[in-house]
Amino acid sequence: MTAGRSGRRQIPPQDVARFWQARASGMSIKDAAKIAGVHINTAQKWDSKKRKVKAELELANLDGAKVRKKEGGVQADAWQKVMDVSDLPPVIPYDRLKPEAQRALTDFDYFRRRYLGRVPSPWQVDAAYQIEAWLLNDDKEFVVLNCPPGAGKSTLFHDVAVWQIVKNRKIRVMIGSVSQALAKMYSRRIRETLERQFPLDPDPILIDKGLAIKAEACLAIDFGRFKPSTSGSLWRAEEFIVEQEDMGGLDNKEPTVSAYGIESEFIGHRADLCLFDDVASPENAKESAARDKLIERWDSMAEARVDPGGLLAVIGQRLGPLDLYAHCLSKITYEDFEDNYDGSDTTDISEEKEPLKKHKYHHLIYKAYYEELDTGKLSKRNTAAAWPEGPLLDPYRLSWKDLSYVKHSNPAKFAVVYQQEDQAEGNYLIERVWATGGVGADGVMYPGCIDNDRRPGHIPQNLQPPLISIASVDPSPTMFWAIQWWVYQPETNLRFLIDCERVKLTAEGLLGYDISGRTYSGIMEDWQNRSFEYGYPISHWIVEVNAAQRFLLAHDFVRKWQALHTVNVIPHTTSRNKLDENLGVEALLPNLWRSGQVRLPTMRENWKTLAFIEEMSSWTRDKKAGTDLVMAHWFAELHAPKLRQGVAPPKQWRPSWI
């Protein structure tokens, strides 16, 4: 300690910080005084004064209470008293930070739990580390981060910005949004987090719901104050400068954080970390003057704000094929050959070399639902593990109950907004209205394909022969199998889906044989027997053999099963014929659905028809997963003409005497 001008001892700010750190961690006044090296009486005065001011603040909140802190208001006075009595140190050097604070600088999940009261969110932690890795590169980096609505995208950007400011107080962060007011709100939220001097105590209701936890400490105590002590320092909601470690570090410094709407003028400001949230909207995600203006502002203004070695990231859910994210992801940059110069003095000019191309933007995608991780009902509960261990990105905020409703009621919206699929309008195999019936976007009244009076597994009544009953199988060695049973009526050109399954199977699950009991089992045996009982025996099974399912042709028991039921197994091989102009998926199927020649069981409480329509209305040429039912349908249509019974020519009339 040193003596001041008044003769009173001056306690070093580092010792004051140690005292408040100890108190924030739960230590008693006596123990905290020992750690700080101050007398117990001094420590008690500090603690008593701070509790008194905190009580004044709480009273001010009750009296004035629904308004935010305003200059000159009673709440502002109370907050200023708290700032004064806390006597926070300027900046605590790294070597004097407590172990918990040092850990928080490298452990983002721990940082969020300790200071921000966040529950674990694996996808946000994953995104934060990837953003930081790109930020540390020497080159400019650009990132598009797509995630579903309600997943906490704004919270992620807030936490990343705060984390980077705590790690490096010299960083310059730009917060961007669709409007200046919204950007200012995000900036104010960051400022309040940095100046908070009491651990965050969230709403008990949020804690009970598992959406928040009680914070253990606050940044201003563990790392030293962020609000500058110098009178007149820049500390506004839309822009502010945090306290620097070196003396005089505030002079001529650009704002640590600044907020701009995409329509604001920010020509002169540049930043190391530019975070844009809520920039795209339904209005500017389609052909319109609003979209043209957004794209022009983005290309000329937003991208130019990031300094060399900095990073620009834009976050949001996909809205369509023309949204801002699609525009960014389509951009290509060229590698400079000078970067790969090997020191040679000679240059090979024998041939022209095209510059190496790469995408300008990195793309981070987080889907609401990962089908490949779905292991059943338990994996989709609210209490189940989140991605990457479970199928749901956030089982609580994005519950399966809510997602499944959107998935079946509006598959196109689910695919784009929740699954972040990049699909252009008009590129789907069918339009949903073709299946459900009604007036389409083109003004045409479509008959639809739904038999509302028929459940799955039931044959329509009064079908007139000739009829053809066949089944098709799209197998998979590791994923879902699709199996469909169709009844064709050649005279009317109608095809009726009797039943379908989309399940994970083994070869024995399709058709198995018990040697000891000499009995068959599996879906083929069950469906074959059922078709006999209904009076429409399946005559052909069409099975795709690309996926190592050649067992159907290799085993002797399969041939005996065929002879037993008088049925044929037709192997199908998928290759380029899937996209054939005359016989491919797009050539055979859409017209049948458009004209209502495909007949499906009711949609009411029937996942089979819902799943089939979803796959048909979301299928594209490039889609890899979720096409099993479409392919099984195509197999049946491709082979059905070869199986149809020949129609005898009409008999000509002749006189009876001939």
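This report describes the second largest pocket, the nonpolar cores and the cavities of a predicted model.

## Basis of the model

Residues are numbered from 1 along each chain as its sequence is written, and side-chain values use heavy atoms, with hydrogens and water left out. In this predicted model local features need pLDDT of at least 70 and side-chain atom pairs count only at pLDDT 80 or more, whereas totals for chains, interfaces and linings use all residues.

## The second largest pocket

The second largest pocket holds about 1,300 Å³ of space. On a 1 Å grid over the protein atoms alone, a pocket is an open set of points where a 1.4 Å probe fits, with protein on both sides within 12 Å along at least five of seven lines, while a cavity is a set from which the probe cannot get out; lining residues have an atom within 4 Å of a point. Grid points are joined across faces, edges and corners, and a volume is the space filled by probe spheres set on the points.

Of the 43 lining residues, Glu 371, Phe 480, Arg 502, Glu 615 and Gly 626 are the closest to the centre of this pocket. Helix 14 (400-409), helix 15 (411-418), helix 23 (607-618) and helix 24 (628-643) each supply at least two residues of the lining, and the largest share, five residues, comes from helix 23. Helices (H or I, at least four residues) and strands (E, at least two) are DSSP runs, numbered from the N terminus.

## Helix 24

Of the 16 residues of helix 24, 14 are buried, meaning under 20% relative accessible area with a 1.4 Å probe and protein chains only. The expected span of a helix is 1.5 Å times one less than its number of residues; for helix 24 this gives 22 Å, which agrees with the 23 Å between its end C-alpha atoms.

## Nonpolar cores

A nonpolar core is a set of buried Ala, Val, Leu, Ile, Met, Phe, Trp, Tyr and Cys residues joined through side-chain atoms within 4.5 Å. In the largest core, of 63 residues, Leu 145, Leu 194 and Tyr 366 touch the most other members, and helix 8 (residues 153-167) gives the most, with eight residues. A second, separate core of 38 residues includes Val 433, Ala 482, Ile 570 and Leu 629.

## Cavities

The structure holds three cavities of 30 Å³ or more, and the largest has a volume of about 90 Å³. Its lining includes Ser 154, Phe 157, Tyr 186, Arg 189 and Asp 277, with helix 8, strand 4 (173-177), helix 9 (180-195) and strand 7 (271-277) each giving two or more residues.

How values were computed: Buried < 20%, exposed > 50% of the residue type's maximum accessible area, 1.4 Å probe, protein only.
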